[in-house]
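Colleague: I would like to learn how to read charged pairs and strand pairing in a model. Could you walk me through an example?

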Amino acid sequence: MIIIFIYKENFFYDYILQDDLQSVKEKIKDKQQNYYLKDIPKKGGLRYLNCIEKETPLYEYQTSLKNKFLKNIPISENAYGFVKGRSYYDFLVPHIRGNKERYFLRIDIKDFFDSITADILEETFKYYFKTDAKTSNEMVELIIDIISLNDVLPQGAVTSPVVSNIVFRQLDIRIQKYCDKLKVVYTRYADDLLFSSVNDRIHEPFFIKMISKILKTLNLNINFSKIKKSKEEISLNGFVVGQNIRISRKKKRDINRVIFIYKDKEPKTTSELLTLLNSQNFTSRARKNNEYFSSKISLLNYLSGYRSFLISWLPRSKQSVNYKSMKSFIKNLEELILNIINLD
């Protein structure tokens, strides 16, 4: 059953939330206690996320809202982050230039989730409720109470990713219409906006100023320190987009370092290997408590995750110039993982 609009109050409570208004309010009145702080290592320190506890009524309400209502609301074709069946690779593909000269621009939105306030959520969701004004407002207020924390969208809530795309839909449409006039390609992955064009107009101040103006209609601001302009190719989060898409040398450097250290030093125990690795300087991994890897499990999770990632990025054609080298790299990584599993 695909639900986009709510026409009946009892349907909202009985089918979507499976609870009555007063019970929901009572169960989420102390919702701060349903969240925990999670610290995420980053360059220069840590950032903190408010993450929802799974064994709570609030988690159940958010999950039900997402599965029975929110995921059915249309989002723009420009959105690639938090979208089933779409990946970061897909986000980059439209910008492949082939043999043509191309200009690139990356714009980052400052404090993306924290900028999506309760007022913005109310303005977004009231459109989807078609009962009388009083009842619709009541349901919208309840949804906002369920999905927000301290009057903003918490990044670690079940509903936040899909809600962010719903909120951003109208902005995506406006940005796309503007880009169509200038023959600019536009895609978005969460708070990353990527533009490319055969002319350099996207590098001129007027273009960024217009994008900023559109974003400000929802009180979203550009992080000007993270604006990135380039010609021929652009490197983003360890990937290079140009004539094709490839993994940057910098991103592969850390994995190569782990492989080299294992082969060169031949550690006999996990403890010995971890000591060797934690004495290194990794460019794409942050330290936590002065360690890159705290245990065998954390190291194996890192390597296995990278293996899965590489497999997903294998060129579609076995005849591709990068296919054989990536297959060889994956094989070396798999051998390393098996060797580490067998360490004491």
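Modeller: Gladly; we will look at salt bridges, then at one strand and its partners. Keep in mind that this is a predicted model.

Colleague: Let's begin with the charges. How many salt bridges does the structure hold?

Modeller: The general idea is that side chains of opposite charge can pair when their charged atoms come close. Here, the count is 13 salt bridges. One of them joins lysine 29 and glutamate 26, with the closest N and O atoms 3.0 Å apart.

Colleague: Are lysine 29 and glutamate 26 buried or exposed?

Modeller: Lysine 29 has 54% relative accessibility, so it counts as exposed because the cut-off is over 50%. Glutamate 26, at 49%, is partly exposed.

Colleague: And which parts of the chain does the pair of lysine 288 and aspartate 39 link?

Modeller: That salt bridge has its closest N and O atoms 3.5 Å apart. It links distant parts of the chain: lysine 288 sits in the loop between helix H10 (270-278) and helix H11 (296-312), while aspartate 39 belongs to strand E1 (residues 35-42), 249 residues apart. Both are partly exposed, with lysine 288 at 38% relative accessibility and aspartate 39 at 24%.

Colleague: What about arginine 188 and aspartate 172: are they buried or exposed?

Modeller: Arginine 188 is buried, with a relative accessible area of 0%, and aspartate 172 is likewise buried at 0%. Their side chains meet in a salt bridge, 3.0 Å from N to O. Arginine 188 is in strand E4 (residues 185-189) and aspartate 172 in helix H7 (residues 160-182), so the pair ties together parts that are 16 residues apart in sequence.

Colleague: Now the strands, please. How should I read strand E3 (residues 103-110)?

Modeller: As a general idea, in a regular strand the side chains alternate between the two faces of the sheet. In this model, E3 is mostly covered, with seven of its eight residues buried.

Colleague: Which strand is joined to E3 by six bridges?

Modeller: That is strand E5 (residues 192-197), and the two run antiparallel. To find the register, look at leucine 105, whose bridge partner in E5 is phenylalanine 195.

Colleague: What joins E3 to strands E7 and E6?

Modeller: Four bridges join E3 to strand E7 (residues 228-231), again antiparallel, and tyrosine 103 stands opposite lysine 231 there. Strand E6 (residues 221-222) is joined to E3 by two bridges, also antiparallel. Isoleucine 109 has isoleucine 222 as its bridge partner in E6.

Methods:
Residues are numbered from 1 along each chain as its sequence is written. This is a predicted model: local features need pLDDT of at least 70, side-chain atom pairs count only at pLDDT 80 or more; totals for chains, interfaces and linings use all residues. Side-chain values use heavy atoms; hydrogens and water are left out. A salt bridge is a side-chain nitrogen of Lys or Arg within 4 Å of a carboxyl oxygen of Asp or Glu. Buried means under 20% relative accessible area, exposed over 50%, partly exposed in between (1.4 Å probe, protein chains only). Two strands pair if DSSP finds at least two bridges between them.
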